[in-house]
Structure formats: structure tokens, C-alpha cells
Amino acid sequence: MADNWQRQSPLAHRGLAAHGGEAVAEAALVMAERRFLAKVTVRGKADSDAAGAALGASLPSAPNTVDSRAGLDVLWLGPDEWLVIGPPGSEHALVRALEDALRDAAIVDVTEGRTTLRLRGPLVRDILATGCPLDLHPRRFASGRCAQSTLGRSAVILHQTADDPVFDIHVERSQADYLWTWLETAGRPYGVAVEAEPEPQDWHPPSPGA
């Protein structure tokens, strides 16, 4: 894996940082990229309590839910599959912590496979609904929910992170540029703005006995 300074986002050619000063208050859709987030999959037999002691956040047992604690998001993807998302550069520590805690599970660093788009704004739910088959009504899909689906023909993982609403869309690198263009096009009639990348929280393995 490349060092952080050697990494390049699949959206680097768009120069998104230069658009961070756009007026976002009037926009119906506000977009940002969350670059280089650590992503680790857990598959197989897994003890949620052991994972919680190692991470500070547990493996959710309820379908399509997320445990967001200690600077991590742990997404339920299936009965025996989870995605652990942490701040940039934490993937090696996450893998070590999970391997020590979960001897019978498969732990894989998939950090480089996807990037993450942060979406918010008053019409974000409506714009997503034009290209996603999920029922995104707030009574069915609210903060702390996640799901694997498609958006504009791209395979994605959707995670609603806040009630405002705010969504993180995890998309494969090869589809990131296409999906960004699709979102810009879908939101343009209502107003689209790009904002600066949000700062991730720190994560450190919990102290023994904490």
C-alpha cells in the first residue's frame, strides 16, 4: 500500500479542493469527497463483544445498521459480513486489532478499492431517489442505516450519517468519476455546490481493560 502522500484520489483530476469556497447555503445538493478512508472487511464467524473491545465499536447484528463510535463506522453488510471504516492511515492498526480479536474471521484491507462521497443538502434524498431503487423515505432509511444498492447504475454502499440528512456513498474507484458526474447532472437543475473535505475523527485501539 502506498504512503498517504503517494496516494491519488480517483477524483484528483477534478481539483475539488479549489471549489471548497463555493456558496453552499443556496445549494440543494452539497458534495465532497472523503479521501483515503481506511476500509476493512470482516467475514465469517465473529464475536461482536471481542470486536467491540478491540475497536471501541462493535459489529452490528441488526440488518442494515451501523455502529458509529470511537471515530469508526462499522456497517452491517450481511449476516456474516461487515465493513469497518476509519480515518486515513488507520487500516494497518484496524487489521491487527481485528485479527487479534477474531481468530476465526477473514479480515481484509480493502482501503484502495473504494472512495467515499459525502452528500448533504435539502434535496439530497430526492436526488438520490432518482437513481436508487431503495425506499429512502426517512421513515424507512434514517440516520444510522446502511445498505448495498445501485445509484445511477453504479454499485454503492449507502450510509446515512446524520438526520439533516447527510449520506456517505462508498463507490468503487473505477466508478467514482462517473458517479460524481451523474450526481452533478441530477442536481444541477436545483443547485449543486462542492465543499471542503470534512475532517475525520482520530482512532486509536482501546486501552486494555478500558
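Here are a few numbered points to help you find your way around this structure, which is a predicted model.

1. A good place to start is the largest nonpolar core, which has 26 residues. Within this core, L117, L119, L128, L151, I169, L179 and L183 touch the most other members. Several elements each supply at least two of its residues: the strands β1 (29-34), β7 (114-120), β8 (146-151), β9 (154-162) and β10 (166-172), along with the helices α3 (124-129) and α4 (173-187). The largest share, six residues, comes from α4.

2. To see this core from one of its residues, try L151. Leaving aside neighbours within four places in sequence, L151 is in contact with L128, G131, C132, V156, I169, L179, W182 and L183.

3. There is also a second, separate core, made of 21 residues. Among them are L59, L72, V74 and A105. As general background, nonpolar side chains in soluble globular proteins tend to be buried together.

4. Next, look at S154, which is found in strand β9. Is S154 buried or exposed? S154 counts as buried because its relative accessible area is 0%, under the 20% cut-off. Not counting residues up to four places away in sequence, S154 touches S149, V171, Q175, Y178 and L179. S154 and L179 are 25 residues apart along the chain, and their C-alpha atoms are separated by 6.9 Å.

5. Now turn to the sheet. Five strands form an open sheet in the order β3-β4-β5-β2-β6, with antiparallel pairing. Its edge strands are β3 (66-69) and β6 (105-109), each of which pairs on one side only. On average, neighbouring strands are turned by 15 degrees against each other, with direction ignored.

6. One strand pair is worth following residue by residue. Strand β2 (residues 38-44) pairs with β6 in the antiparallel sense over five bridges. Here G44 stands opposite A105 in β6, and A105 is also one of the residues of the second core.

7. Finally, consider the helices α1 (residues 48-55) and α2 (residues 91-101). Their axes come within 9 Å and cross at roughly 145 degrees, and the crossing is right-handed. Which residues meet there? From α1 they are A50, A54 and L55, and from α2 they are L94, A97, L98 and A101. By class, this contact has seven nonpolar residues, no polar ones and no charged ones. Helix α2 also lies across the strands β2, β4 (72-78), β5 (81-86) and β6, running at about 20 degrees to β2.

Technical notes: Residues are numbered from 1 along each chain as its sequence is written. This is a predicted model: local features need pLDDT of at least 70, side-chain atom pairs count only at pLDDT 80 or more; totals for chains, interfaces and linings use all residues. Side-chain values use heavy atoms; hydrogens and water are left out. A nonpolar core is a set of buried Ala, Val, Leu, Ile, Met, Phe, Trp, Tyr and Cys residues joined through side-chain atoms within 4.5 Å. Buried means under 20% relative accessible area, exposed over 50%, partly exposed in between (1.4 Å probe, protein chains only). Helices (H or I, at least four residues) and strands (E, at least two) are DSSP runs, numbered from the N terminus. Contact means heavy atoms within 4.5 Å. Axes are lines fitted to C-alpha atoms, for helices over the stretch in contact, and angles run from 0 to 180 degrees between N-to-C directions. A crossing is left-handed if the near helix is turned anticlockwise from the far one by less than a right angle, and right-handed if clockwise. Ala, Val, Leu, Ile, Met, Phe, Trp, Tyr, Cys and Pro count as nonpolar, Asp, Glu, Lys and Arg as charged, and the others, Gly among them, as polar. Two strands pair if DSSP finds at least two bridges between them.
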